[in-house]
Structure formats: C-alpha cells, structure tokens
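Reader: I have just opened this one and would like some help reading it. Could we go through how some of its parts pack together?

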Amino acid sequence: MRSTDIKTTGRKPVSLRWRLLVPLVVTAIVISALLFFTMRNVTTHAVQATQDALLETAALSILEQTRTIEDDVEVDLPYNIFTMLGATSEDKVYYRIDLDGTFLTGYEDLAPNIIPPQEDRPVFSTTDFRNSKLRQATIHRGFVVRGKIKFVRITIAQTQLFQETIIRDISRSASIIGISFFGFAIFMALLVTTSFLRPIKLLADAVSRRGPNDLRPVKHPTPEELTPLVLSLNGFIARLRTTLRQTETFIAEAAHHIRTPLSLVKSEGQLALSKSTNAHNREHLRNIIQAVDQSSRSASQLLDHAIVLYRTEQSDELRLDLSIVIKSLVENIQPAASLKDINIVSDLDTNSSVFILADRVLVEVALRNMLDNAIKYSQPDQTIHVTLGVVKNMAKISIRDQGRGLEGINQRGLKQRFERGSNVDDVIGSGLGLAIVWEICSALSGTFTLKNNKGDGACAILYLPIC
C-alpha cells in the first residue's frame, strides 16, 4: 500500500460543530458552577466574619465591664449589647460566664470553647445548642484577687438564622446569575461555532453551485486557515481538467481518424452495390453501408461532444446576432436536407436583430444537432420551419418538423447519452444529438424543450438569454 493511501475505520468522524460546541459547553458549565460556589462561599465568609466581629465586640464589652471588688470579681452585664445583637434579626443570643471554671451566670448548658492561649483574643466555633446551630465566641482575662490570678471566661453565642437567610438569598441570586451566564455562554458558543463554520459553508456553496463542466480554479475568498484546502482542491481540479482534456482529445482524434476510412468503406460499398446483381450480396452490402453510415454518424457526434466539453471549459463568449448565425447554418445544412427532398424554411426578421452573449461554436453545434434531428425523422417532400423570437428576455429558437412526433416517448430519457426513443428503431442514430443540445443549453444558462405539434411532427425549442 502506498503512503498516500487512506486507512478507513468503522468510526464515524466527529463533526467540527460538535468538536467546537462540546469544549465550549463544558467550559460554560464549569465557569457557571465556579461562579455559583465562589459567590456562595464569599457571602458565607463575609456574613460569618460580620457575625464574629459582633460576637467579639459583645464579649469584649462584657469583659470591660468586669472588675475586681475587694475579695471578689464583679461582672456588670451591658444589656445594650444583647439588644444590639438581637436587633439585626430574630436570632437568639446566649451567654455564659465562668470564674476559674466555676459557672457564675448565663446558660449553664452552653458549653464554652477551649480557653484561648492568649487573653482578650476570642476563639470562635460553630455548635448545635437546643436544636439550633450557634456561632459562639469565648474570651478570657485574668484578674488578681487576694494576690491570686483568677480567670474570667465569657462565652457569648448567637443563632445563625439571619446568616442562613442571607446565604439562601445569595445562593438564589447566584443560581440566577449562573444560569443566565450559562445561557449566554451557550448562545455565544453557538454564535462562535456558526461564525467559525460559515466560511466553510460558503466555500462549499460556491463549489456546489458550479455546473458539472465548470472546472475553473476556486477563487472564493476564504480565511487563511482554509488556504491549504483551497489549494489542494484547485490542484485536484487541475489534474482532473488535464485528464478530461486528454480523454476528450483522444475521443476527438479517434473520431476524426475513424470518419475518413468509414467514408471510404461507404463509397466502396455503394460502388459494389451498384455493380452487384446478386440479390443476396446486395442485401449484405446494404447492411454494410447502413452500419458504416451509423458508425460515421456516431463518430461525428462523438467529435461534436468532445468539442462541446472542451468549449464549455474554455468558452470564447462573443456578442452574436442569432439571425445571422441561424441563416448561415441553414444555408450550410440545406444541401444535406435536399438529398432527402426536405426543404428548410427560416422565418427570421432581418430588421430586428436578437443578440446573445455566448460561444458561437456551442450555439452552432446545438442548432446543427436540432436541425439534423429534424431532418433525420422527416419524410421526403416535407418542410422544416425555423423561427426566431424573444420571450421574457430570452431568445426563442423553434425548429418544427412534420415527422414522427413524440407520442409515447419518455423525454427525460432523451437527455441521457446513447438513449433513443422507442419509435425510431428503424432510423440510423447514436442517441447523442439531443444529449449534446441539453449539455450546451446548461452551459449557456438556457432551457431546451421538446413537444408535439398540433398536427404531425415535433417542435424543438431552445431558449437562450439575450444581452
């Protein structure tokens, strides 16, 4: 296997859209979650720090109102402190005062914190008390009584209903902000993904709008990152164009070289037929002449087809007067029609010209195949009418014969190469004529239709945009 071969696996490749969306969505989820928890934690610490500061202030206030009197320690509780703590919310306040580990006043079942190692520096803790969560602060200070140091320990606590309410409200707000940010991030992710993929879509649309014979290099403006893709695509188109050109050149040369000996064989066969008197031999010679005639016709149309493909790729657009083109073509093809005693009548208004912008060779090949088709299926002494007009900014070229018509024929099949109608098996043909006309019509941005006449025969109509 060459190194350029591509190994395929059963895995379906992930689309670029999902490759972009998934990381962006995951990032949005992570950032939204971090935003929520960060706001919640910051709020929790801020509210707790505020409560701790109030508790510390209250404990220090009580401690400042504690003093030594004679042989004992007196504590004067400043009730305004309790009022201040209870004024901020509906939280309950508890306290306890101990002297050297002996309970003095307050709530005896309130367990104090461990005595802090440094005086006047409180220790904070969170505990459960009477089915409520408390935040408490414990502080101590030594007092000299009768020459001995006695420690007063003050514990003051407050429930956390207000803190929980604030945290709950902040959490709700953080959730709304997080969800809003997530929604905005998803919207931006979709917008960024669409914007990122838009140049690729525009490039794909520009390529898909091309016709089957448009092998020009892609010159659509693209971002720098897509330049390698465009260069590779243009390289492939160039190689394909070269291959097609070589193929069509071979077909054209083969058709050209085949027609000459076939003409010679046909002439010799006709000469032998005129000299032969044996009925059996004459029948064989007629079959040979018919086969040679069909082969010659196929070679001519193959050559026309090769010319069409080449001129479609490298068209030489000129401003053409259709009246002059049709008149010249009718004059050139009239001798061939006269051999079958068929007359071609052209109804052209020489005073009003109809101009189109197209390749003259392609227009002539299309009209010649239309006329050739009409001649082929017409009987001797019949007339073919060629008319030219303008309908809705389109030049209308009609070729109407008096031949077999199109009854019972699937016209869609006539667009395919080498496909012929079911009612013309006895007439020599290759099935390329109408296919060539349809290809030229597509290349010139026109339309081609076939329909039955009101009387006998068919009418082929070619529409081309005027300029």
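Reader: At what angle do α6 and α7 pack, and how far apart are their axes?
Author: This is a predicted model, and in it α6 and α7 pack at an angle of about 40 degrees, with 10 Å between their axes. That angle makes α6 oblique to α7, because it lies neither under 35 degrees, where a pair counts as roughly parallel, nor in the 65 to 115 range for roughly perpendicular.

Reader: Is the crossing of α6 and α7 left-handed or right-handed?
Author: The crossing of α6 and α7 is right-handed.

Reader: And which residues meet there, in α6 and in α7?
Author: From α6 the residues are Leu322, Val325, Ile326, Leu329, Val330, Ile333 and Ala337, and they meet Arg360, Val363, Glu364, Leu367, Arg368, Leu371, Asp372 and Ile375 in α7. Sorted by class, this contact of α6 with α7 has eleven nonpolar and four charged residues, with no polar ones.

Reader: Changing topic a little, how many cavities of 30 Å³ or more does the structure hold?
Author: The structure holds two cavities of 30 Å³ or more, and the second largest has a volume of about 40 Å³.

Reader: What lines that second largest cavity?
Author: Its lining is made of Ile326, Leu329, Val330, Leu367, Leu371, Val386, Ile397 and Ile399, which by class are eight nonpolar residues, with no polar and no charged ones.

Reader: Which elements each supply at least two residues of that lining, and which gives the most?
Author: At least two residues each come from α6 (322-338), α7 (360-376) and β12 (394-400), and α6 gives the most, with three residues.

Reader: Back to α7, then: how does it pack with α8?
Author: Helix α8, which covers residues 433-443, packs with α7 at an angle of about 150 degrees, and their axes are 9 Å apart. The crossing of α7 and α8 is left-handed.

Reader: Which residues meet between α7 and α8?
Author: Leu362, Val365, Ala366, Asn369, Met370 and Asn373 in α7 meet Gly433, Leu434, Ile436, Val437 and Ile440 in α8. That contact of α7 with α8 divides into eight nonpolar and three polar residues, with no charged ones.

Reader: One last pair: what about α1 and α3, how are they set against each other?
Author: Helix α1 spans residues 16-64 and helix α3 spans residues 161-208, and the two pack at an angle of about 160 degrees with their axes 8 Å apart. Therefore α1 is roughly antiparallel to α3, the angle being over 145 degrees. In passing α3, α1 makes a right-handed crossing, and the residues of the contact of α1 with α3 divide into 26 nonpolar, eleven polar and two charged.

Conventions. Residues are numbered from 1 along each chain as its sequence is written. This is a predicted model: local features need pLDDT of at least 70, side-chain atom pairs count only at pLDDT 80 or more; totals for chains, interfaces and linings use all residues. Side-chain values use heavy atoms; hydrogens and water are left out. Axes are lines fitted to C-alpha atoms, for helices over the stretch in contact, and angles run from 0 to 180 degrees between N-to-C directions. Helices (H or I, at least four residues) and strands (E, at least two) are DSSP runs, numbered from the N terminus. A crossing is left-handed if the near helix is turned anticlockwise from the far one by less than a right angle, and right-handed if clockwise. Ala, Val, Leu, Ile, Met, Phe, Trp, Tyr, Cys and Pro count as nonpolar, Asp, Glu, Lys and Arg as charged, and the others, Gly among them, as polar. On a 1 Å grid over the protein atoms alone, a cavity is a set of points where a 1.4 Å probe fits but cannot get out, and a pocket is an open set with protein on both sides within 12 Å along at least five of seven lines; lining residues have an atom within 4 Å of a point. Grid points are joined across faces, edges and corners, and a volume is the space filled by probe spheres set on the points. Contact means heavy atoms within 4.5 Å.
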